[in-house]
Amino acid sequence: MTNLGVNSGKVQSIMTKGPVIPVVIIEHLDDAIPLADALLEGGVTTIEITLRSDAAMDAIATIAKERPQICVGAGTVLTPQQMAAVKDAGADFVVSPGAYPELIASAFDHDMAFLPGAATASEMMALLAHGITAMKFFPASVAGGPSYLKALASPLADAVFCPTGGISMETAQDWLQLPNVLCVGGSWVASKDLLKAGSFDAITANARQCSQLI
Ligand code: 3PG
């Protein structure tokens, strides 16, 4: 298999900016800057905006342009075409629930920091064979939970993870204490409900709690 080495060093520096990467679905572009500011006020400087809404691409572009102090990622990137589009929009990194050779190649072609998903030892080994050491463990809580990921730390010693999927403020620490976990991702920080209600103060409070995790 080709060793493409897709920027895992760059991804790892993004993963260590803070213990939690908020995963967000932005339905309304008008929410983008208030959301970014709410997170910044709570000490969170990294965000993943998923391509699961019509406003997502514009929200990525708006935050990238107007709040350069935020490291903005594009999530749910499933195709090379989306990889190209989020690069054009100004995304700093890309997250995917999984990976396949063409998607990995497109990350390399666009010199994009890429955090692909993996849930099994074989999927992780396939990513390692591409030179990818930073991975999203997804869907973290139902794929096996912290004890499952901990069991992979010794045999897959080069792999580091951002577990995402089913994680909450209450369970984040269980993951963060693992030797092969650099950060976690989760939608609880800035949930759809909080955004819908315009509860930016609550988002700041959540972000502040996240910043205090070790
Ligand atoms: C997702 O699938 O949206 C992310 O993995 C976040 O999952 P969560 O909503 O369970 O935090």
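Author: A helix axis is a line fitted to C-alpha atoms, taken over the stretch in contact. The structure above is a predicted model.

Reader: At what angle do the axes of helix α3 and helix α4 cross?

Author: The axes of α3, residues 56-66, and α4, residues 80-89, cross at roughly 35° and come within 8 Å. On the α3 side, the contact is made by Met-57, Ile-60, Ala-61 and Ala-64, and Ala-85, Val-86 and Ala-89 meet them from α4.

Reader: How many nonpolar, polar and charged residues does this contact have?

Author: The contact of α3 with α4 has seven nonpolar residues, with no polar and no charged ones.

Reader: I should now like to read the pockets. What is the volume of the largest pocket, and which residues are closest to its centre?

Author: A pocket is an open set of grid points with protein on both sides. Here the largest pocket has a volume of about 280 Å³. Its lining has 20 residues, and Val-23, Ile-25, Thr-50, Arg-52 and Ser-187 are the closest to the centre. The strands β1 (20-24), β2 (46-50) and β8 (184-186) each supply at least two lining residues. By class, the lining has nine polar, seven nonpolar and four charged residues.

Reader: Which element gives the largest share of the lining of the second largest pocket?

Author: That share, three residues, comes from α6. At least two lining residues each come from α5 (101-109), β5 (113-118) and α6 (121-129). This second largest pocket holds about 150 Å³ of space. Twelve residues line the pocket, with Ala-99, Tyr-100, Glu-123, Ala-126 and Leu-127 nearest its centre. Eight of the lining residues are nonpolar, three polar and one charged.

Note on methods
Residues are numbered from 1 along each chain as its sequence is written. This is a predicted model: local features need pLDDT of at least 70, side-chain atom pairs count only at pLDDT 80 or more; totals for chains, interfaces and linings use all residues. Side-chain values use heavy atoms; hydrogens and water are left out. Axes are lines fitted to C-alpha atoms, for helices over the stretch in contact, and angles run from 0 to 180 degrees between N-to-C directions. Helices (H or I, at least four residues) and strands (E, at least two) are DSSP runs, numbered from the N terminus. Contact means heavy atoms within 4.5 Å. Ala, Val, Leu, Ile, Met, Phe, Trp, Tyr, Cys and Pro count as nonpolar, Asp, Glu, Lys and Arg as charged, and the others, Gly among them, as polar. On a 1 Å grid over the protein atoms alone, a cavity is a set of points where a 1.4 Å probe fits but cannot get out, and a pocket is an open set with protein on both sides within 12 Å along at least five of seven lines; lining residues have an atom within 4 Å of a point. Grid points are joined across faces, edges and corners, and a volume is the space filled by probe spheres set on the points.
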